[in-house]
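This report describes selected features of the structure shown below. It treats aromatic rings, strands and sheets, a loop residue, and enclosed or open spaces in turn.

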Amino acid sequence: MRTNLTLFLFFLSFSLFSQNATLQGVVTDLANDEPLLGVTVRAGGLGTATDINGQFKLQLPPGNYEVLFSYVGYENRKQTVRLVEGQTSTIVMGLGTVDNLLQQATVTAGKFEKPLGEVTVSLDVLRSRLIENVNSSQVDESLVKIPGVSIIDGQASIRGGAGFSYGAGTRVLILVDDIPALQVDAGFPNWADYPVENISQIEVLKGAASALYGSSAMNGIINIRTRFATDKPETDVAVFSQVWGNPDDERMKWWGDRDTGGILLPIETGYSFAHRRKEGKFDIVLGSYGLYRDSYNKNTYSRYMRVTPNIRYRVNDRLSLGLNTNFNFGRSGSFFTWANDTDGAYRPGSGSATSTLGRLRFTLDPSLQYFDRGGNRHKVLGRYFYVHNNNSDNQGNDSRMLYGEYQYQRPMDNIGLVATAGVVATYTTITAELYRGDYNTQNFAGYLQLDWKAFDRLNLSGGVRYERNILHSPEIIQVSATEFDTIPNGVSREGKPVYRIGANFQAARATFFRASWGQGYRYPTIAEKFIDTGFGIGRVAPNPRLVSETGWTAEVGVKQGFALGQWQGFFDLTAFISEYDAMMEFDLDKLFPAIVFKSKNVGDTRITGLEASVMGQGKVGNGTLFLLTGFTAIDPVYRLADGEVFDQSKYKTSVDKNVLKYRYRNMFKFDAEYAISDYSFGAAVQYNSEMEAVDAIFEVGIAGVQAFRQAYDKGFTVLDLRVSRKIGKHLKVSALCNNLLNEIYSVRPALLEGPRSYTLRLDWKM
């Protein structure tokens, strides 16, 4: 007994005084030697993640180990090491990006990086290469290449989730680096603000996402992710010019005669600039963009300049501070409806032209990110958004927004769980002739999302958010010349919870099945409730009694990866259904003695559909082929009560059948580019079926609308071509022809799209 006790004490003392070994190192991107933040490093059943400088450290017992390095969007790497007691071993590891598109990194679905194949919702990624190659002066010009996405008069719609909103009340939330970027009074995306000169990728989440991102994310999210500074300085400069030719119907042409406004040819010219570099602990990004445009639509023009200086300071390996800014100033003009469908097709109708005599918009976005010693991430995001529009016809507006968000994220690697929680506060002030008063709004929200990866194949996700909205407005609202409405004490309050769940199962190496259900919630914008202004064919009146809309989206889908030789990609098939209660849309309110529109809760709706898409890239022959294509089919209807017969007069629609207004039942998108040696050749096709239903007043109240819709009732197909050549290491020249077939078409009634155009672009990269 005494001997056993002595041996026990001996081994106990040995274990107490024995020392572990230290494994440390740094992980970088093989392509540019940049440190990688958040790489998972595992050895001997223990794990850690790299810090902001790509560094890691593990304490392990002496012995031989196989160290695994894994990171979303990069190939996994392994290395064997022998650790000696009391000594430190150092590994320098470089990771290369994966060719498999299903492994490309995305963040929008869960506020942390996750492979595209593993997300539980429909998510498409648009890379910067395509945005540059098609010479997009604004982000929305590239977004229409995403299957299921349409842009109608500046407002985005995903899978028919929105119609024509007259410039107010989007159901698709726009984010720039995870911060909401809609103009707060109208919920309108100012596309000219978003930095096409410095985009890394755009992620489009389809379906209700209010549980994680709040109001306005009812129909989906467009998240614009900008590029960061690199150790090796980068400078991108481009200049371009575009001209429009004559339409096939010569009667539509108004330019070329100085008596019609002095414009000999519709033209657009501009420049793009971006510089990224690191200086010590500072990351510096400077961007600028300028545009001068005289459009094919008479009295429609744009002159603006944007400057976007961004800076990040890495205090230490755990803490970083940032300040992103965006300044946009200029002026513009446009019109709402044409004069007629022939000689007035590109001319403004009476009273429909407006202009911005001067505008200034800017954002200041401070941020903080801190990783504590437990590996938890603390993130603080802020925004000050200032808008001043000096518009004609008493339509000026000023708004200011203060936004703050604290986010806490805890990765629990031992059980495969990531918990994300946060609180959000938004305060806005709005003064506008458009709304005839002063307003302020307050929004408070809290959210929680759990993402669990079980058995290395099953991804489960669930989230909840509570939204609280408070609106301060005038107590008495004039809704017509003789009518007034009252808001008690000028205060409106509302709060709602929203939920979402989703699952993704990896059935095989490149086969991923997913299913999700999410709620949507949208609080009316100031513009929808209180706008009071005139336009071409009548007046838009306020509706203080407008209430929030709610709804949900459910989908099932499968992503199947494939490889054809060295060309690889994936096929995605999705079936979906969306329902909206008390949907808000601008609707005809009165026809006599004057035409009056107002935003109303038009009823309950349902949209069902199917979507199939293919994305691929890789070697074909001696070159590289890039492909993005897809087809979307929807059935958008009003939900009628049992036994109810559709009443055309109730919904004031142009057709006597149950179909939502301003939707395309079928959409086909195709974009392909083949790069070989110094040359690149690209083609794009966009097909939209007929827009079956519009407001009846458009057909009877605006000259030529009914005749045009009858003449062009088969939808439209637009074909674009492009070619480019690299000259040496730094220069590239591109030539583009958009609307090659010179199609005459309209995305919404009484406003034609452009005829054939020609673009020349020169890029210089250092």
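In this predicted model, F562 has a relative accessibility of 25% and therefore counts as partly exposed, since that class lies between the limits of 20% for buried and 50% for exposed. W567, at 9% relative accessibility, counts as buried, because its value is under 20%. F562 and W567 form an aromatic pair. Their ring centres are 5.6 Å apart, and the planes meet at 35°, an arrangement classed as tilted.

A search of the whole structure finds 26 aromatic pairs. Another of these pairs joins W191 and Y194 in an edge-to-face arrangement. Both W191 and Y194 are buried. The geometry of the two pairs is set out in the table.

| Aromatic pair | Centre to centre | Angle between planes | Arrangement |
|---|---|---|---|
| W191 and Y194 | 5.8 Å | 85° | edge-to-face |
| F562 and W567 | 5.6 Å | 35° | tilted |

Ring pairs can also link several residues: W244, W254, W255, Y296 and Y346 are joined into a cluster in this way.

**Strands and sheets**

Strands of a sheet pair through backbone hydrogen bonds, and the pairing may be parallel or antiparallel. Strand β13, which covers residues 172-176, offers an instance of each sense: it runs parallel to one strand, β16, and antiparallel to another, β14.

How many of the residues of β13 are buried? Five of the five are buried, so the strand is largely enclosed by the rest of the structure. The burial applies to both faces of β13. On one side lie V172, I174 and V176, on the other L173 and L175, and all of them are buried.

The parallel partner of β13 is β16 (residues 220-226), to which it is joined by five bridges. Within this pairing, L173 has I221 of β16 as its bridge partner. The antiparallel partner is β14 (residues 179-180), and here two bridges make the connection. L175 is matched with P180 of β14. Together, β13 and β14 form a hairpin, with two residues between the strands. D177 lies in the turn and has a positive phi of about 55°.

A separate description concerns an open sheet of three strands, arranged in the order β4-β1-β7 with mixed pairing. β4 (55-60) and β7 (88-95) stand at the edges. Each of them has a single partner strand, so one side of each is left without a neighbour in the sheet. Neighbouring strands of this sheet are turned against each other by 20° on average, with direction ignored. Strand β1 (residues 21-29) pairs with β7 in the parallel sense over eight bridges. V27 stands opposite M93 of β7.

**A residue in a loop**

D656 is placed in the loop between α6 (648-651) and β38 (666-676). Is D656 buried or exposed? D656 has a relative accessible area of 58% and is exposed, because this value is over the 50% limit. Although D656 and A693 are 37 residues apart along the chain, their C-alpha atoms are separated by 9.0 Å.

**Cavities and a pocket**

The structure holds 14 cavities of 30 Å³ or more. The second largest cavity has a volume of about 640 Å³ and a lining of 37 residues. Nearest its centre lie S215, S216, T426, N443 and N469. Several elements supply at least two lining residues each, among them the enclosed strand β13 and the helices α4 (210-213) and α5 (526-530). The largest share, five residues, comes from β27. By class, the lining of this cavity divides into 17 nonpolar, 13 polar and seven charged residues.

The second largest pocket contains about 230 Å³ of space. Its lining consists of 15 residues, and S492, K529, P544, R545 and L546 lie nearest the centre. Two or more lining residues come from each of β29 (484-486) and β30 (491-508). β30 gives the most, with three residues. In the lining of the second largest pocket there are seven nonpolar, three polar and five charged residues.

Note on methods
Residues are numbered from 1 along each chain as its sequence is written. This is a predicted model: local features need pLDDT of at least 70, side-chain atom pairs count only at pLDDT 80 or more; totals for chains, interfaces and linings use all residues. Side-chain values use heavy atoms; hydrogens and water are left out. On a 1 Å grid over the protein atoms alone, a cavity is a set of points where a 1.4 Å probe fits but cannot get out, and a pocket is an open set with protein on both sides within 12 Å along at least five of seven lines; lining residues have an atom within 4 Å of a point. Grid points are joined across faces, edges and corners, and a volume is the space filled by probe spheres set on the points. Helices (H or I, at least four residues) and strands (E, at least two) are DSSP runs, numbered from the N terminus. Ala, Val, Leu, Ile, Met, Phe, Trp, Tyr, Cys and Pro count as nonpolar, Asp, Glu, Lys and Arg as charged, and the others, Gly among them, as polar. Two strands pair if DSSP finds at least two bridges between them. Axes are lines fitted to C-alpha atoms, for helices over the stretch in contact, and angles run from 0 to 180 degrees between N-to-C directions. Rings of Phe, Tyr and Trp (its six-membered ring) pair if their centres lie within 6.5 Å; planes under 30 degrees apart count as stacked, over 60 as edge-to-face and the rest as tilted. Buried means under 20% relative accessible area, exposed over 50%, partly exposed in between (1.4 Å probe, protein chains only).
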